[in-house]
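Reader: Could you zoom in on one part of this model for me and stay with the side chains there? After that, I'd like to follow the thread into other parts of the chain.

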Amino acid sequence: MFKEMHDLFQWAWLIPALPFLSFLIIAFVTKRSKRLSSTVSILAILTSLSLAIAIGLGVIQAGAEIVEHPAIVNVNWLNIVGLKINFGTIVDPLSAMMLFVVTLVASMVQIYSLGYMHGDEGFSRYYAYQSLFASSMLGMVLATNLLQLFIFWELVGLCSYLLIGFWFFKVSAREAAKKAFMTTRVGDFGLLLGMLFLYTKFGTLDFVALSAALNTSFQDVLVLGTAGYVTVTAFLIFMGPIGKSGQFPLHVWLPDAMEGPTPVSALIHAATMVVAGVYLVARMYFLFDVASPEALQFIAGLGAFTAIFAASIAIVQDDIKRILAYSTLSQLGYMMFALGVGSYSGSMFHLMTHAFFKALMFLGAGSVIYALHHKQDIWDMGGLWKKMPITGTTFFIGVLAISGVPPFAGFWSKDEILANALHNGHPVIYAVGLFTAFLTAFYMSRLFFVVFMGPEKKENHPHESPWSMTIPLMILAFFSVFGGFVALPEHNFSYYVHYGEFHHEAIAWGLAGISVVAGLLGIGLAYATYVKKAISAEDVVERFPFVYKLLKNKYYIDELYLWLIHNIMDGLGKVLYWVDIYIVDGIVNGLALITRGSGKVLRRTNTGQLQTYAMVFFFAVVVLFMVFAFGEGQLAALNPLATLGGVK
C-alpha cells in the first residue's frame, strides 16, 4: 500500500507546475481574451486541488510510515566542487495539509474573482498574477531544502508586490506595494544570513539532512560549546517569518496591503503569504528545538505580544478590510506563540481552520464592498443581512468560528493552543491568549453588528452578489463549521501533524469552557454596545480619550518609523554621502590627478628624435658608471679588513 502511495506522491510536482503553466499561457497566449484567461487559471488550480486531495488521502492511509519516512523526490540542480543542490518535493503530513489549504483557498478566490473583478481592464493580468502566486506558494510548501524554499519565498514576495499594487494608477496602492516589499526584505536579510550560517556549519541546506545532523550532534554541540552558534542561527532564520508573517515590529506592511483587490487580501491574509513564516518555523522546528530554550521562549513571547497588540488596534478601526487585517495579525501571533510553547499540532491546526474562516470573512467583506460600490467604512453600512442573506449568514459563521464558539472550527484549534500553553508551563501567555480571544470576539462581533444589523442607510441600494461570489462563500462556510471536527479523537488529526512524539490529548473541557465564556463575553459586550445600545461607545471614548487616540493611531508605530527615516536615516545618509564625495571620491579623484600630472611630465620625454634618445642613453650610462664606481670606493674606505685582505 505504501509503495502505491509513494508512486502517487512522486507526482506532487504537478501541483505547483500546473498554475505556473497557466501563468505562462495567460501571459503569452490568452491575455487578450479575459474569459479564456480566467478559464485556464481556474482549471489549473482546480486540478491542483484534486491532486492535493488525493495526496492528502494518501498521507492519511500511509499513517505512521509517512511520518517516519517522508516521500522525497530530488533532482540534482547544481553540482560543483564543494556545493551540491537538489530541487525536489517532500510529501509528509505537514506539506499535505498545506497543499490542501492553499489550493482550496486559491480555487475559491479565483472563482469568486469572476464576479468581483468583472469588467476590470487588467482582468487577464490579474489571473496571471494569481496563478504565479499560487504556484510560488505551492512550490515553497513542497521544497526539500532551504535554498529551494527561499527561491519560492522570494517569488511569493514578488507576487504579493504585484497584487497589492495591482491598481498601480492609485498612489496609495503603489506606496503600499513598496512598503510591503521593503519591510519584508528586512526579515529576509536575516533569513539569508541564517542559511549561510547553517551551510557553513553543516555543509547542507536539506531539511532531512539538517535534522539528522542536529539530532545526532546535539550532545557534541553542547560539549563543543557551539550551542550559541545554533541559537544565533535560529534567531536569524526567525527574522524571515517576522517579516513575512507580520510579527511585531515588521507588522506595518500588512494593514496597508488592503490597497489590493479584496480577493487578493483573502488569498494573502488567509492561507498563503502571511502563513509562509509560520510554515517555515514549523518545517525548521528541529532547529529551534535544539537551540537554547530562549529561542522558543522568544517566539512565544513575540507571538503573544503581536496577538494582543494587533487585537487592541482592531477594536477601534472603521475600515472593514483593516479590521480583518489586524485580526489576521493577531491570529498569526496565536500561531507563533503556539509554536513557541510547544503546541506544534495546535499551531498547524489553527493555521488550517484560520484559512477557512478568514478567507470566508475577507470574501464576505468583498461581497459587501461590491454591493455598496466600494464603500469600506463600516459606519456607511447597515442592515445588510436582510438584503444580502447569503453573505450575512456565511459571514456570521466566520465570526462564530474565529470567536471560538463550539462546534465551529476555530473553537477546536484555539482550545488546543490555550490548553497546551497552560499545560506546558506558560500561564502568562495563556492569560494573554485568553484575553486576546475575548478581544477577537468583541471586535469581530462589532463589525458584524454594525454592518449587517445596524440601521439601514437610505442612500445604499445593496443586493446579493452573483453566484460566482456566493458559492465560494458557502463552501468556505462549510469548512468553517465542520473543519474542526478532524480534532476529535476518532480522527486523530494530531497524530499526523505533531512534532516528535505522536499522540492525541483529550480535550480539556474545563479550559475549553473558560475560553468559550471569554468568546461569549466578547460577543455579548459588542451586542450590548452596538445593537441594544446599553453601553455608549461614545461615552467610553470621551472617558478614555488618550487610550482611544493611541489605538486609533496604531500606537504611532508608523509615525515613529517615518521619524526615524527622516531624522536618523536621512542624517546617516548625509554623513555617508559626505564620506562618499570627499573620502571615497576624493581618493579616486586624487589618484586620477596624480596619474594625469605625471603623464603631462613624462610625455615631454617623448620627442620622437633618435639622436635625442641616443644622447639620453649615453648620459644615463655615464651616470650609472660613476655611481657604481663611487660606491665601490666608499666601501673600500669604510672596510679596512677588505684592504688588509687584499695586501695579504
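Author: First, a bit of vocabulary: a polar contact is a pair of N or O atoms within 3.5 Å, and within protein one of them must be able to donate a hydrogen and the other to accept it, while residues adjacent in sequence count only if both atoms are side-chain atoms. One such contact, of 2.8 Å, joins the side chains of Thr-391 and Ser-367, and that's where I'd start looking.

Before going further, keep in mind that this is a predicted model, where local features need pLDDT of at least 70, side-chain atom pairs count only at pLDDT 80 or more, and totals for chains, interfaces and linings use all residues. Residues are numbered from 1 along each chain as its sequence is written, and side-chain values use heavy atoms, with hydrogens and water left out.

Back to Thr-391, then. You'll find Thr-391 in helix 20, which runs over residues 389-402 (helices are DSSP runs of H or I, at least four residues, numbered from the N terminus). Thr-391 counts as buried because its relative accessibility is 0%; the cut-offs are under 20% relative accessible area for buried, over 50% for exposed, and partly exposed in between, using a 1.4 Å probe and protein chains only. What does Thr-391 touch, leaving aside its neighbours within four places in sequence? Its contacts (heavy atoms within 4.5 Å) are Gly-364, Ser-367, Val-368, Phe-452, Glu-464 and Leu-473.

Now hop over to Ser-480, which sits in helix 23, residues 467-482. Ser-480 also gets called buried, because its relative accessibility comes out at 0%. A polar atom of the Ser-480 side chain lies 3.4 Å from the backbone nitrogen of Phe-357. If you skip residues up to four places away in sequence, Ser-480 is in touch with Phe-356, Phe-357, Leu-360, Ile-397, Ala-401, Phe-408 and Ala-409.

Just before Phe-408 on that list comes a proline pair worth a look: Pro-406 and Pro-407 are joined by a cis peptide bond, with omega about 5°. Pro-407 belongs to the loop between helix 20 and helix 21. Another cis bond runs from Phe-248 to Pro-249, with omega near 10°, and Pro-249 falls in the loop between helix 11 (227-244) and helix 12.

What about the histidines in the loops? His-461 is in the loop between helix 22 and helix 23, while His-373 is in the loop between helix 18 (344-371) and helix 19 (384-387). Along the chain they're 88 residues apart, yet their C-alpha atoms are separated by 9.5 Å. His-461 counts as exposed because its relative accessibility is 65%, and His-373 is classed as exposed because its value is 65%. His-373 has a backbone quirk as well: its phi is near 55°, a positive value in a residue other than glycine. Lys-554 is a further non-glycine residue with positive phi, near 55°, and its place is the loop between helix 27 (545-552) and helix 28 (557-602).

Last stop, the charges. A salt bridge here is a side-chain nitrogen of Lys or Arg within 4 Å of a carboxyl oxygen of Asp or Glu, and by that rule there are eleven. One of them pairs Arg-322 with Asp-256, with the closest N and O atoms 3.0 Å apart. Arg-322 is in helix 17 and Asp-256 in helix 12 (residues 253-256), so this pair ties together parts that are 66 residues apart in sequence. Both residues, Arg-322 and Asp-256, are buried. They also belong to a network, in which salt bridges with shared partners join Lys-179, Asp-256, Arg-322 and Asp-558.

Another bridge brings together the side chains of Arg-185 and Glu-154, at 3.1 Å from N to O. That one links distant parts of the chain, 31 residues apart: Arg-185 is in helix 8 (residues 171-202), and Glu-154 in helix 7 (residues 146-164). Glu-154 counts as partly exposed because its relative accessibility is 23%.

For a local pair, try Glu-175 and Lys-178, whose closest N and O atoms are 3.1 Å apart in a salt bridge. Both lie in helix 8, three residues apart, or about one turn of the helix. Glu-175 is partly exposed because its relative accessible area is 42%, and Lys-178 is partly exposed because its own is 41%.

Methods
Helix = DSSP H or I, 4+ residues; strand = E, 2+ residues; numbered from the N terminus.
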